[in-house]
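Q: Hi! Could you walk me through this one?
A: Happy to, let's get it on screen.

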Amino acid sequence: MTREDTGRQKLGIVVSGSLNKGIEVKLDSSASVEDMAVGRYVTIEGNKRRFFGMITDVSLEVIDQKLTLTPPDVSDPFIAEVLAGTSTYGTLHVLPTLTISGDAASLLQGPQPVKTVPSHFSTVNLASQRDVELVFGSEDEKKFYIGTPLDMETKICLDLTELVKRSNGIFGKSGTGKTFLTRLLLIGILQKGTAVNLVFDMHSEYGWESRSETGRKVKALKQLFPAKVAVFTLDEEGSRRRQVSTDFVVRIGYDEIEPEDMVLLRQTLNLTEPAIEAVYQLSRRFGKNWLQSSLDLKDSEETNRLLKEMSIHESTYQNLQRGLATIRRLPFLVSHTRDNPVKRILEYLDQGINVVLEFGRYTDITAYILVANLLTRRIYAQYRERTEKAIGEDIALPHPLVITIEEAHRFLNPELSSQTIFGTIAREMRKYNVTLLVIDQRPSGIDSEVMSQIGTKITCLLDNDRDIDSVLAGTPSKNELKSVLSRLESRQQALIFGHAVPMPVVVRTREYGSPESYKDFIPRGQAEIRKQAEKDIEELWE
Amino acid sequence: MAKTQRVGEIIEARTTAFVAQCYELYELPPLGSLVKTIDLPVELYGIVYQAATTSLEPGRRPIARGKDETSEEEIYRSSPQLSQLLRSEFSSLVVGYRENEELYRYLPPKPARIHSFVYLCTTKEIEEFSQSLDFLSILLNTPLPLPADELIAACLRQMSQAREDPHPFLVAAGKELAILLSGEYNQLKAILGRIK
């Protein structure tokens with residue numbers, strides 16, 4: 001294959017195309033179709049500017065239709081060699097995304113989005129390491145190395161300052177590495193200090209070590225950054241069994257649950273619309289202690305009178321009581337707590353310490369929705385207040401906060417998204433310096449309005465059409481990305497597109513989980529942990 | 001440099017082709033071989049596309065003489081005048097010329113002169129001439145008394161033998177043909193079948 005001094009490998013020439021539909025590239029006979037891969041980067045050398053693009057399709061063509069009717073004898077290597085690239089040839093479909101024009105001003109600005117296409121017969125090369133670096137930048141105090149492009153060693157970096165300005169999403173089928181990616185991203189945000197994290201950790205994977213699917217123990221945030229991470233737990237016993245050093249045990253008082261929290265639980269608790277109405281009525285009547293008071297209601301004449309007074313139907317009441325009984329069974333709910341978990345979380349966050357809330361054995365969705373919502377609403381209110389104050393008094397805004405939620409479609413589905421705080425955060429975005437990191441395996445379940453507000457999407461393999469459509473909704477060249485997305489490998493590969501990257505990129509995610517990988521994450525100067533990491537590496541060889 | 005071998009003398013010349021007569025009967029250059037004739041300062045290159053041995057006089061056809069002879073050689077031995085009454089001649093298609101050390105693979109401004117000598121090109125000259133395959137389009141597009149497939153295949157076989165490794169040359173020529181014959185796959189197939 002032809003290789004120039006720059007390390008670029010010539011693939012072919014531009015033969016047709018349009019800005020909307022992408023560019024057709026005829027492959028040179030020296031470049032084999034089989035060496036191409038969807039998702040790879042190419043550069044196109046136009047007359048006045050260079051273009052960057054991504055291969056989105058590869059196809060086979062013949063110059064004469066007769067060839068397809070009476071195929072040549074390709075068992076003869078000579079015939080095959082002659083026909084390859086001449087009578088039969090491959091074409092690439094390339095989606096141009098960025099350009100750099102030759103003049104000095106635009107060199108300073110860096111790559112710009114494309115507004116035109118390269119001229120006929122421009123040379124197309126496989127992008128070199130330098131090209132990719134030029135586009136994605138190199139690792140620095142704001143940029144975090146997330147992975148490498150396909151078949152390359154270059155580091156793809158995410159601009160984390162930009163990333164945390166918007167809500168972001170990590171999507172992918174179960175088992176495609178969402179958790180690993182999330183850990184990576186959280187570490188990145190933590191390492192670069194662009195924001196503090198609050199993680200609602202449904203499966204207890206982010207705070208302390210857990211086992212990967214291959215059965216290997218994988219360290220998590222607190223072990224790598226003990227001084228910067230606090231682990232809160234709902235399930236004290238479970239955490240103790242796993243020998244997690246927890247910082248705080250979360251207990252929630254009945255008096256802290258508001259009617260709005262019940263609205264979100266409607267689906268999971270199977271409550272009817274009138275039952276929700278009844279909750280509001282009860283809260284109006286009993287005030288802050290409505291839940292306790294409602295639970296205390298006995299089957300008596302008095303109760304019947306009360307219900308009649310509030311015109312709550314008997315069946316509605318029964319429905320509500322069944323729902324409330326489910327909540328009551330959650331052991332971390334107590335009638336009253338002295339220590340306010342919201343206050344404690346905020347204390348930590350204010351010091352720049354990231355909080356991971358482990359759910360332990362309470363992995364059912366009722367507990368998750370209830371707690372995540374309840375805490376987030378109050379934290380968000382605090383942030384809002386502070387931001388408004390900061391703007392008013394012209395002082396520094398609060399440190400950006402990223403809230404990580406799993407199973408996001410349960411909070412952000414079209415029915416609930418307008419009611420939950422998460423919907424509000426996703427929509428209002430960075431006004432109050434609070435953004436979401438949404439992790440989900442069924443993105444089609446998420447309200448399209450929320451999806452459209454997600455800044456950067458990181459998606460692992462998805463194979464359901466509806467999921468793919470919903471993730472790609474609103475992105476230009478959706479069809480091209482679709483073919484890339486559905487062909488990702490099921491592990492360690494992800495398509496990143498949106499606000500924090502200049503163009504869509506397929507990455508092989510950085511390694512996480514081996515002792516060597518931990519060493520890379522730990523900043524210099526933290527000698528003790530570095531030593532531990534080195535010890536881990538040694539142990540590996542013993 | 002190997003000594004150039006003289007194969008004949010031009011007896012008919014046109015812009016596109018020339019006909020040469022051999023000095024010895026049957027000493028014909030092979031089909032498709034590259035020949036040249038010098039008309040200073042220009043050297044003309046041609047590719048042999050047809051050869052014939054005929055009677056000197058167009059109206060007089062040879063007659064069969066071997067009835068009482070034991071071998072074919074005997075015929076010529078017993079009738080020595082035969083070699084004087086017959087002649088071998090070959091036609092070459094002009095495919096290029098050299099002027100001022102520069103090689104052009106298209107038709108020269110003037111045809112060759114009558115009685116110019118015709119030489120068989122050396123290996124080195126063949127190799128140099130076939131660096132570019134532009135001459136193939138002349139072979140394809142000139143109406144000839146034989147199928148162009150045959151001539152091209154013969155020519156490429158000849159040229160490939162001038163190289164140590166004929167394979168890359170044949171592949172390059174095949175690719176050039178594949179482009180020239182993009183709409184005529186069957187013809188391409190026929191040529192490729194003859195040169196592989």
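**Where the chains meet**

Q: How many residues of chain A are in contact with chain B, and how many on the other side?
A: On the chain A side 17 residues are in contact with chain B, which contributes 16 residues. Keep in mind that this is a predicted model.

Q: And how much area do chain A and chain B bury between them?
A: About 1,400 Å², with 65% of it on carbon and sulfur atoms.

Q: Which residues in chain A lose the most area to chain B?
A: Those are A:Phe78, A:Glu81 and A:Val82, and together they account for 37% of what that side buries.

Q: How many salt bridges go across the interface of chain A and chain B?
A: The rule finds 0 salt bridges there. It does find 4 residue pairs in polar contact across the interface of chain A and chain B, with both residues at pLDDT 80 or more.

Q: Which helices of chain A supply at least two residues each to the side that touches chain B?
A: Helix H1 (66-69) and helix H2 (77-83) of chain A each do. H2(A) gives the most, with 5 residues.

Q: What's the mix by class on the side of chain A that touches chain B?
A: You get 9 nonpolar, 4 polar and 4 charged residues there.

Q: OK, changing topic. How many salt bridges are there over all chains?
A: The count comes to 32 over all chains.

Q: Let's pick one. What does A:Asp235 form a salt bridge with?
A: Its partner is A:Arg361, and the closest N and O atoms are 3.1 Å apart.

Q: Where do A:Asp235 and A:Arg361 lie in chain A?
A: A:Asp235 is in the loop between strand S14 (229-233) and helix H8 (236-241), while A:Arg361 is in the loop between strand S18 (354-358) and helix H16 (365-393), so the pair ties together parts of chain A that are 126 residues apart in sequence.

Q: Is A:Asp235 buried or exposed?
A: A:Asp235 is buried, because its relative accessible area is 2% and the cut-off for buried is under 20%. A:Arg361 counts as partly exposed, at 47% relative accessibility.

Q: What about chain B? Which residue forms a salt bridge with B:Glu43?
A: That would be B:Arg98, with the closest N and O atoms 3.6 Å apart. This pair links distant parts of the chain: B:Glu43 sits in strand S4 (residues 42-55) of chain B and B:Arg98 in strand S5 (residues 86-99) of chain B, 55 residues apart. Both B:Glu43 and B:Arg98 are buried.

Q: And which side chain meets B:Arg60 in a salt bridge?
A: The side chain of B:Glu57 does, at 3.8 Å from N to O. B:Glu57 counts as partly exposed, with 46% relative accessibility.

Q: Which residues do salt bridges with shared partners join into one network?
A: In chain A, they join A:Glu258, A:Glu260, A:Asp261, A:Arg377 and A:Arg378.

Q: Last topic, cysteines. How many disulfides does a search of the whole structure find?
A: It finds 0 over all chains. A:Cys157 is in no disulfide, and the nearest cysteine sulfur, that of A:Cys460, is 18 Å away.

Q: Why does that rule out a disulfide for A:Cys157?
A: Because a disulfide needs the two sulfur atoms within 2.5 Å, and the nearest cysteine sulfur to that of A:Cys157 is 18 Å away.

Q: Are A:Cys157 and A:Cys460 buried or exposed?
A: A:Cys157 is buried, with a relative accessible area of 2%. A:Cys460 counts as buried too, at 1% relative accessibility.

Key
Residues numbered from 1 in each chain as written. Chains lettered and ligands numbered in written order. Predicted model: local features only at pLDDT ≥ 70, side-chain atom pairs only at ≥ 80, totals over all residues. Heavy atoms only, no water. Buried < 20%, exposed > 50% of the residue type's maximum accessible area, 1.4 Å probe, protein only. Contact = heavy atoms within 4.5 Å. Buried area = accessible area lost by both parts, 1.4 Å probe. Salt bridge = Lys/Arg side-chain N within 4 Å of Asp/Glu carboxyl O. Polar contact = N/O pair within 3.5 Å; in protein donor to acceptor, adjacent residues only side chain to side chain. Helix = DSSP H or I, 4+ residues; strand = E, 2+ residues; numbered from the N terminus. Nonpolar A, V, L, I, M, F, W, Y, C, P; charged D, E, K, R; others polar.
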